[in-house]
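Here are a few exercises to work through with the model open in your viewer. Try each task before you read its solution.

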Amino acid sequence: MAMILDGKETAAALKEELVLRLAKLREKHYEPKLAIILAGSSKPSAMYASFMQKVAKGYGIDAEIFRASDAVTEEELGSLVTDLSADQEITGILMMMPLPKGIRAEKMIALMNPDKDVDGLTETNAGRLTAGKAGLFACTPRAVMAILDHYKIPIDGKKAVIIGRSNVIGKPVSLMLLSKNATVTICHSHTKDIASITREADILVAAVGHANYVIADMVKEGATVIDVGINRVDGKTVGDVDYEAVAAKAGAITPVPGGVGSVTTTMVIENIIAAGEKLAK
């Protein structure tokens with residue numbers, strides 16, 4: 001049976017380090033503040049905004065939710081993003097998605113100060129990641145890397161396969177693994193015979209958004225399997241991996257829930273602190 005890569009354990013270990021970094025920031029008389037933009041009436045967005053506010057306050061970080069109705073115009077929301085980007089008291093900006101109808105997310109993201117972009121959405125931060133420069137990067141891919149690091153899973157020289165090529169997960173995590181000297185392959189909807197590729201993977205990252213997509217036959221004996229998927233099936237939250245069957249074959253695996261998602265919010269906090277460290281210099 002595979003070793004369980006526990007996201008809650010990883011997050012708890014990371015919290016100790018983040019608390020120390022926060023203390024050093026405060027020694028410089030800098031208090032980080034998070035601005036959460038909640039536009040529209042999406043219930044999941046509202047729940048996540050409140051959850052992130054609670055998590056931030058758990059670290060003693062002030063987090064304010066800036067609300068806008070479904071009727072908000074691009075100009076109005078754009079002004080809010082611009083104002084928060086310029087506000088010296090704001091350390092980080094977290095914009096809930098999706099935005100209301102008629103609001104172009106790309107336009108709103110482009111207005112954001114990249115050094116306050118704690119979700120790693122801006123083209124500037126994407127470019128920094130591609131170029132191997134420091135920046136604020138997407139939190140879910142960073143959670144994947146944090147779990148691998150916490151459990152000391154070897155990456156250097158290993159074959160890594162990512163299923164999914166999204167700008168939010170697939171592409172960033174591929175670049176992060178590449179920076180750690182993995183040999184990386186990305187599979188997607190046009191890939192022929194995916195199973196023949198995934199069976200070669202020492203590290204398999206499933207980010208396809210399809211419940212139980214990865215079956216045991218797709219996994220190499222002893223591989224590390226990271227499940228990024230969150231799907232609802234018969235009232236239960238399940239991942240992209242057929243957990244029980246794959247766990248019997250893999251060497252290590254993340255559960256859903258309790259895996260990558262448990263670390264993602266911690267990565268948001270880490271980005272706020274990193275942004276504060278840059279602004280406090």
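**Exercise 1. Find the loop that holds Pro98, then work out the geometry of the peptide bond that leads into Pro98.**

Start with the loop: Pro98 sits between E4 and helix H4 (105-110). Helices (H or I, at least four residues) and strands (E, at least two) are DSSP runs here, numbered from the N terminus. Now the bond: Met97 to Pro98 is a cis peptide, with omega near 0°.

Before going on, note that this is a predicted model, where local features need pLDDT of at least 70, side-chain atom pairs count only at pLDDT 80 or more, and totals for chains, interfaces and linings use all residues. Residues are numbered from 1 along each chain as its sequence is written, and side-chain values use heavy atoms, with hydrogens and water left out.

**Exercise 2. Do the same for Pro257, then look at the phi of Lys152.**

Pro257 is in the loop that runs between strand E11 (252-253) and H10. The bond from Val256 to Pro257 is cis too, with omega near -5°. As for Lys152, look in the loop between H6 and strand E5 (159-163). Phi there is near 55°, a positive value in a residue other than glycine.

**Exercise 3. Give the strand order of the six-stranded sheet and say which strands stand at the edges.**

Step one, the order: the open sheet runs E1-E11-E8-E7-E5-E6, with parallel pairing. Two strands pair if DSSP finds at least two bridges between them. Step two, the edges: strand E1 (3-4) and strand E6 (183-187) each have a single partner strand, so one side of each has no neighbour in the sheet. Step three, zoom in on one pair: strand E7 (residues 203-206) and strand E8 (residues 224-227) run parallel and are joined by four bridges. Leu204 has Val225 in E8 as its bridge partner.

**Exercise 4. Repeat this for the three-stranded sheet, and add the twist.**

This open sheet has the order E3-E2-E4, with parallel pairing. Strand E3 (62-68) and E4 are at the edges with a single partner strand each, so one side of each is left without a neighbour in the sheet. From one strand to the next, the twist averages 20°. Strand E2 (residues 33-39) runs parallel to E3, with seven bridges between them. In that pairing, Leu38 stands opposite Arg67 in E3.

**Exercise 5. How does H10 pack against H2, and how against H1?**

Take H2 first: H2 and H10 pack at an angle of about 60°, with axes 11 Å apart. Axes are lines fitted to C-alpha atoms, for helices over the stretch in contact, and angles run from 0 to 180 degrees between N-to-C directions. H2 and H10 are therefore oblique to each other. For the angle classes, under 35 degrees counts as roughly parallel, over 145 as roughly antiparallel, 65 to 115 as roughly perpendicular and the rest as oblique. The H2 and H10 crossing is right-handed.

Now H1: the axes of H1 and H10 come within 9 Å and cross at roughly 15°. H1 and H10 are therefore roughly parallel to each other, and their crossing is left-handed. Handedness works like this: left-handed if the near helix is turned anticlockwise from the far one by less than a right angle, right-handed if clockwise.

**Exercise 6. Which residues lie closest to the centre of the largest pocket, and which elements line the pocket?**

The largest pocket holds about 1,300 Å³ of space. On a 1 Å grid over the protein atoms alone, a pocket is an open set of points where a 1.4 Å probe fits, with protein on both sides within 12 Å along at least five of seven lines; lining residues have an atom within 4 Å of a point. Of its 42 lining residues, Tyr48, Ile230, Gly261, Thr264 and Thr265 are closest to the centre. Helix H1 (7-27), helix H2 (43-58), strand E4 (92-95), helix H6 (139-150) and helix H10 (260-279) are the elements that give two or more residues to the lining. H2 provides the largest share, eight residues.

Methods: Points joined across faces, edges and corners; volume = space filled by probe spheres on them.
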